[in-house]
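Subject: A structure to look through

Dear colleague,

Please find below the sequence and structure that I promised to hand over to you. Once you have had a look, read on for what was found.

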Amino acid sequence: MLLLRQISWRVKASLSRINPDRLWLFHVAVLAFVLALFVAMHAINQQIIASSSAAHSAEDIAFLRKLQWADLLIAGLVLLVQAAMIFLPTHLGLRRQMQALRNQATSLLDAKQELEHLSKQLSHLSNHDALTGLPNRRHLVSLMRDQVAQRKLTGQCLLFIGLDGFKSINDSAGHELGDHVLVAVSRALSACVDEGQIVARIDGDEFAMLTDEPPADIVQRVKSSLSGGISVLGRDMKVTASIGYLVLDNDQSDPLAILADAAMAMQVAKTDGGNRARHFTPALRENAGQLQRLQLDLPAAIRNGELEPWFQPQVRLTDGALHGVEVLARWRHPTRGLLTPDRFLPVAERAGMMIEMDHAIWSSAMTYAKGWQRSQIWHPLISLNAAPDTIADPHLIERFLLGLRRSGLAADQVIIEVLETTLIAGADDMTAINIDTLAECGIALELDDFGTGYASLCRLTQLPLSGIKLDRSLVAPLPDHGADSVVRAILALAAELGLHVIAEGIEEKGQAQHLSDRGCIIGQGYGFARPMPPNEFEIWLRRHANRPVTMGGAPLPLVKQA
């Protein structure tokens, strides 16, 4: 029996290596072997009986024959039982394995299909923006590389589009609304091009457009699609964009350089005031290089005192008396000479150094003002311009109050001028906290460039302001009837709110007289005096601090007070 078990184990091991498709051939071979064995045994027994027939009786021979058949029967039964014990479990096991293999093959096929589906999804996600569904920067660059290889770039136009003031939307209304604005803008831009042309979202509020249309046509279409406003969550919002563009040719082989050039033109459009388009030229790249070099020079300029405060007088229109001065920044560069703010303010903003620059100018201006006070030349009142970054600085109050204390000036001798956009956009953040704290410390605040279209009258009533500055764009057309109507409305509003008004940009005597007649108290502009460096302003002070300021050689007319 032990021998049979060993044979059974070895047979099973051998069967496990048999191809399942040919198992039936093996069964047939085994049965043929068993039958052959039976026949052979029967033949041997016959020979035995024949050889022993002479020595035994008929009864013995009959018994031997019965015994022969019994042996054969028992052997056959043993073989059949053993075969059943070997082949049946093995066959059933093989069938189970075959079914498991079929199931595994089905699972692998399903997994392959799922992986192919996931691969397509990942490919789409890696080449498209998740928020807007537009192609992303990677996809655009890949497409441009293909077109460079096929020399199909010639005549195509690349637009780089950046939304104006998008950060203020996120800050004031929240990122959720900002996301909806981006989706609405992406739809508006996609509607500007035909099928087969590409609109991509590059990053944040920046988009790109690759088209074969003439630049003037596509630029105008983009501006028109946004100028009518977009609907976001049931609200109509006005969105403007700055656009940089260039026409491509097959000599341009680096898509990243092409995008950088278009982005540079877009930044220039933003610097020029936004809501406009600029064509890229090599001169822009040269200017960008100069800005980069200025950016590297700026930290040393602040440390070395190269940034100077210049002073422009503010005059009472009623009697020509000096009211105060606005402090303006100039950079006396050691190699480039005197730089005006339009040259270096964008540099400081890009370098994130507006806060350091403002405090440097403020500290120097307060030191000069205190010196004139000690010399009894003039009891100063100075207005300091605060950049958005500065007014939102968490350390503004302690730094400003420390500088004020070191200068020796009183709190009522300093005014902080803040842009409309800074106040409105920062209504719910650190800006609002700093504004309220400055007011509580006795520092007056004025709203600069009022009338340029940003202010909310509701917010205006909630801010701790002492005055507003009438933008020069409203003063220049006077006494034009349309401009006069707007100026009178602003003066009436200011009177109702208890705010004084300073008119900027006065260059002619008629403008000063017209504003005085309408009730404007204070004026500022080239008609009175240009901004002056400290030494020149001190000379000017000695002449005009205690006598009426004249315009065009004649004293300002006095206005009879009711």
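A good place to begin is Asn385, which belongs to strand 11, the stretch covering residues 382-386. Before going further, please keep in mind that this is a predicted model, and that what follows was computed from it.

Is Asn385 buried, exposed or partly exposed? Its relative accessibility is 24%, and because the partly exposed class lies between 20% and 50%, Asn385 counts as partly exposed. If neighbours within four places in sequence are set aside, Asn385 is in contact with Glu326, Val327, Leu328, Asp358, Trp362, Glu417 and Asp448. One of these partners, Asp358, stands 27 residues from Asn385 along the chain, while the C-alpha atoms of the two are separated by 7.7 Å.

With that residue in mind, you may want to step back to the chain as a whole. The chain has 562 residues, of which 41% count as buried, and its secondary structure comes to 20 helices and 18 strands. When one takes the contacts between residues at least 6 apart in sequence, 69% of them join residues at least 24 apart.

The next topic is the nonpolar interior. In soluble globular proteins, nonpolar side chains tend to be buried together. In this model the largest nonpolar core has 76 residues, and Phe400, Ile416 and Leu515 are the ones with the most contacts inside it. Helix 11 supplies the largest share of this core, namely eight residues. Another core, of 30 residues, lies apart from it, and includes Cys157, Phe207, Val232 and Tyr245.

Which residues does Phe400 touch, if those up to four places away in sequence are not counted? They are His359, Trp362, Leu384, Val414, Ile416, Leu438 and Ile443. Trp362 is thus worth finding on your screen, since it is named among the contacts of Phe400 and also among those of Asn385.

Phe400 also leads us to a pair of helices, as it is one of the residues of helix 13 that meet helix 11. Helix 11 (residues 354-374) and helix 13 (residues 396-407) pack at an angle of about 25 degrees, and their axes are 9 Å apart. Because angles under 35 degrees count as roughly parallel, the two helices are described as roughly parallel to each other, and their crossing is right-handed. On the side of helix 11 the contact is made by Ile355, Glu356, His359, Trp362, Met366, Lys370 and Arg374, and on the side of helix 13 by Leu396, Arg399, Phe400, Gly403, Leu404 and Ser407. Sorted by character, the residues of this contact are six nonpolar, three polar and four charged.

A second pair may be set beside the first. Helix 9 (residues 282-303) and helix 10 (residues 341-351) have axes 9 Å apart and pack at an angle of about 70 degrees. Since angles from 65 to 115 degrees count as roughly perpendicular, helix 9 is roughly perpendicular to helix 10. The crossing of helix 9 and helix 10 is right-handed. Here Leu291, Leu294, Gln295 and Leu298 in helix 9 meet Arg343, Val347, Ala348, Arg350 and Ala351 in helix 10, and the residues of the contact divide into six nonpolar, one polar and two charged.

Finally, there are some details of the backbone. Most residues other than glycine have a negative phi, and most peptide bonds are trans. Against that background, where is a cis peptide bond found? It runs from Leu478 to Pro479, with omega near 10 degrees, and Pro479 has its place in the loop between helix 17 (472-475) and helix 18 (481-497).

Positive phi values were also found in residues other than glycine. Asn275 has a phi near 55 degrees, lies in the loop between helix 8 (255-271) and strand 7 (277-279), and is partly exposed, with a relative accessible area of 41%. Gln376 has a phi near 60 degrees and is found in the loop between helix 11 and strand 11. With a relative accessible area of 74%, Gln376 is exposed.

With best wishes

Conventions: Residues numbered from 1 in each chain as written. Predicted model: local features only at pLDDT ≥ 70, side-chain atom pairs only at ≥ 80, totals over all residues. Heavy atoms only, no water. Axes fitted to C-alpha atoms, helices over the stretch in contact; angles between N-to-C directions. Helix = DSSP H or I, 4+ residues; strand = E, 2+ residues; numbered from the N terminus. Parallel < 35°, antiparallel > 145°, perpendicular 65-115°, else oblique. Left-handed = near helix turned anticlockwise from the far one by under 90°. Contact = heavy atoms within 4.5 Å. Nonpolar A, V, L, I, M, F, W, Y, C, P; charged D, E, K, R; others polar. Core = buried A, V, L, I, M, F, W, Y, C linked by side-chain atoms within 4.5 Å. Buried < 20%, exposed > 50% of the residue type's maximum accessible area, 1.4 Å probe, protein only.
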